[in-house]
Amino acid sequence: MDRTEKRAFVASLADVFGETSFVLVAQNKGMTVAGVSDLRRKMRAAGATYKVAKNRLANLALEGTSFQGISPLLKGPTALAWSKDPVAVAKTAVEFAKANDKFVILGGSLGTQVLDVNGIKALAELPSLETLRAQLLGLIQTPATRIAGILQAPGGQIARVLAAYAKKDEAA
């Protein structure tokens, strides 16, 4: 990389850090090209981005962002993963780390909050953003259906009482 490419890379990485809510730092020492390609494919499917970056350039991009706390994690062959949905990145990384011992999660940052490996694993256990949205929508819709049922119930009861009186009068 020449200087202009490095500047462009730092600028693009700084833009990413300004837009995203979560950054994961992992060590990929000894991973094969096929393994990294598989991880990238899985990250892309989850809506995340996975990039191997030079630590010095990543540190330059981190300056002035809310993710400055992850700078000490950038030692050795590290890679960064990010997404708007923090749970998707964490789940994908934790699942991949279970299957591949050469992929080691070092930590991450959720906004200004720096997370260690256990924090990332806890984040991975949460339901995804789409699941939470579906649950919230279900909670919002449930009272509406109950209200409709309650409003229909008295009318139905009155109709049944009137029908019972009509049958009683016919029988008498």
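## A guided tour of the helices and their neighbours

Start by selecting Pro72, which is exposed with a relative accessible area of 54% (exposed means over 50% relative accessible area, buried under 20% and partly exposed in between, with a 1.4 Å probe and protein chains only). Pro72 sits in the loop between H3 and strand S3 (78-83). Helices (H or I, at least four residues) and strands (E, at least two) are DSSP runs, numbered from the N terminus. Add Asn59 to the selection: Pro72 and Asn59 are 13 residues apart in sequence, and 9.2 Å separates them in space, C-alpha to C-alpha.

Before moving on, a word about the model. It is predicted, with local features needing pLDDT of at least 70 and side-chain atom pairs counted only at pLDDT 80 or more, while totals for chains, interfaces and linings use all residues. Residues are numbered from 1 along each chain as its sequence is written, and side-chain values use heavy atoms, leaving out hydrogens and water.

**First stop: H1 and H3**

Now colour helix H1 (residues 3-19) and helix H3 (residues 55-62). Their axes are 8 Å apart and the two helices pack at an angle of about 50° (axes are lines fitted to C-alpha atoms, for helices over the stretch in contact, and angles run from 0 to 180 degrees between N-to-C directions). That makes H1 oblique to H3; angles under 35 degrees count as roughly parallel, over 145 as roughly antiparallel, 65 to 115 as roughly perpendicular and the rest as oblique. The crossing of H1 and H3 is right-handed, the near helix being turned clockwise from the far one by less than a right angle (anticlockwise would be left-handed).

Show side chains next. Lys6, Phe9, Val10, Leu13, Ala14 and Phe17 in H1 meet Arg56, Leu57, Ala58, Leu60, Ala61 and Leu62 in H3, where contact means heavy atoms within 4.5 Å. The residues of this contact of H1 with H3 comprise 10 nonpolar, no polar and 2 charged (Ala, Val, Leu, Ile, Met, Phe, Trp, Tyr, Cys and Pro count as nonpolar, Asp, Glu, Lys and Arg as charged, and the others, Gly among them, as polar).

**Second stop: H2 and H4**

Turn to helix H2 (residues 33-45) and helix H4 (residues 86-99), whose axes come within 10 Å and cross at roughly 150°. H2 and H4 are therefore roughly antiparallel to each other, and their crossing is right-handed. Select Gly35, Asp38, Leu39, Lys42 and Met43 in H2, then Val89, Thr92, Ala93 and Phe96 in H4, which they meet. This contact of H2 with H4 divides into 5 nonpolar, 2 polar and 2 charged residues.

Stay on Val89 in helix H4. Val89 is buried, with a relative accessible area of 0%. Not counting residues up to four places away in sequence, Val89 touches Phe22, Leu24, Met43, Ala48, Ala81, Trp82 and Ser83. Of these, try Leu24: 65 residues from Val89 in sequence, yet 7.5 Å away in space, C-alpha to C-alpha.

**Third stop: H4 and H5**

Bring in helix H5 (residues 117-124). The axes of H4 and H5 come within 8 Å and cross at roughly 110°. That makes H4 roughly perpendicular to H5. Here Pro86, Val87, Ala90, Lys91 and Val94 in H4 meet Ile120, Lys121, Leu123 and Ala124 in H5. By class, the contact of H4 with H5 has 7 nonpolar, no polar and 2 charged residues.

**Last stop: the aromatic rings**

Finally, select Tyr50, Phe96 and Phe103, which form one aromatic cluster. Phe96 and Phe103 are both buried.

Key: Phe/Tyr/Trp six-rings, centres within 6.5 Å; stacked < 30°, edge-to-face > 60°.
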